[in-house]
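Colleague: Before I rely on any of the labels in your description, I would like to hear what stands behind them. Could we go through them one at a time?

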Amino acid sequence: MKRYRFVRVLKIALFGTLAVAALSFLVMGLWNILMPGIFAVRAITFWQALGLLVLSKLLFGGFRPYPGGGPRWRRRMMERWERMTPEEREKFKQGIRHGCNLRPGGDAPNREAEVRV
């Protein structure tokens, strides 16, 4: 059983390495084709392309497995929804429809009245 697990982990690591390498070559190729002609910058190497991938992941995506919180966020929202009364659910739906700008009294805002000249 342990041998099967080792082979499986090795396959996943190999596939991950190949995927990162292929993506790095893709970034390098696109950069070297497009950027020098458009912005007059120098061509980059494979390692610089890999660095760009890591930097963009850090800046724009982080290293979370799921964007936006993933299944855990969805499960928590479903639990909250189940605990709501029907009146609270309707109020929540109205808030979503009106951009979540509910007044303390619970009514939706009158958007025409808020326009200032």
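Modeller: Let us begin just after helix α1, where A40 takes a positive phi of about 55 degrees. The model is a predicted one, in which local features need pLDDT of at least 70, side-chain atom pairs count only at pLDDT 80 or more, and totals for chains, interfaces and linings use all residues. Residues are numbered from 1 along each chain as its sequence is written, and side-chain values use heavy atoms, with hydrogens and water left out.

Colleague: What makes the phi of A40 worth a remark, and where does A40 lie?

Modeller: The value near 55 degrees is positive, and it occurs in a residue other than glycine. A40 sits in the loop between α1 and α2, the latter covering residues 46-61.

Colleague: Why is A40 called exposed?

Modeller: The classes rest on relative accessible area (buried is under 20%, exposed is over 50%, partly exposed is in between, with a 1.4 Å probe and protein chains only). A40 has a relative accessible area of 68%, which is over 50%, and A40 is therefore exposed.

Colleague: How do you know that α1 has the span expected of a helix?

Modeller: Helices are DSSP runs of H or I with at least four residues, strands are runs of E with at least two, and both are numbered from the N terminus. The expected span is 1.5 Å times one less than the number of residues, so the 38 residues of α1 (residues 2-39) should span 56 Å; the end C-alpha atoms are 53 Å apart, which agrees.

Colleague: What is the bend in α1, and where is it centred?

Modeller: There is a kink of about 30 degrees centred on W31, where the bend is the angle between axes fitted to the seven residues ending at a residue and the seven starting there.

Colleague: Why is S24 called buried, whereas M35 is called partly exposed?

Modeller: Both belong to α1, S24 as well as M35. S24 has a relative accessible area of 0%, which is under 20%, so S24 is buried; M35 has 22%, which falls between 20% and 50%, so M35 is partly exposed.

Colleague: Which residues are in contact with S24 and with M35, once neighbours within four places in sequence are left aside?

Modeller: Taking contact to mean heavy atoms within 4.5 Å, S24 touches F46, A49, L50 and L53, while M35 touches L30, A40 and V41.

Colleague: What makes the pairing of E90 and R97 a salt bridge?

Modeller: The term asks for a side-chain nitrogen of Lys or Arg within 4 Å of a carboxyl oxygen of Asp or Glu. The E90 and R97 side chains meet at 3.9 Å, N to O, which is within 4 Å, so the pair counts as a salt bridge. One salt bridge is found in a search of the whole structure. E90 is partly exposed at 38% relative accessible area, and R97 is exposed at 55%.

Colleague: Why does L26 count as partly exposed?

Modeller: L26, which is found in helix α1, has 48% relative accessibility, a value between 20% and 50%, so L26 is placed in the partly exposed class.

Colleague: What is the make-up of the protein as a whole?

Modeller: The secondary structure comes to four helices and zero strands, and of the 117 residues, 7% count as buried.
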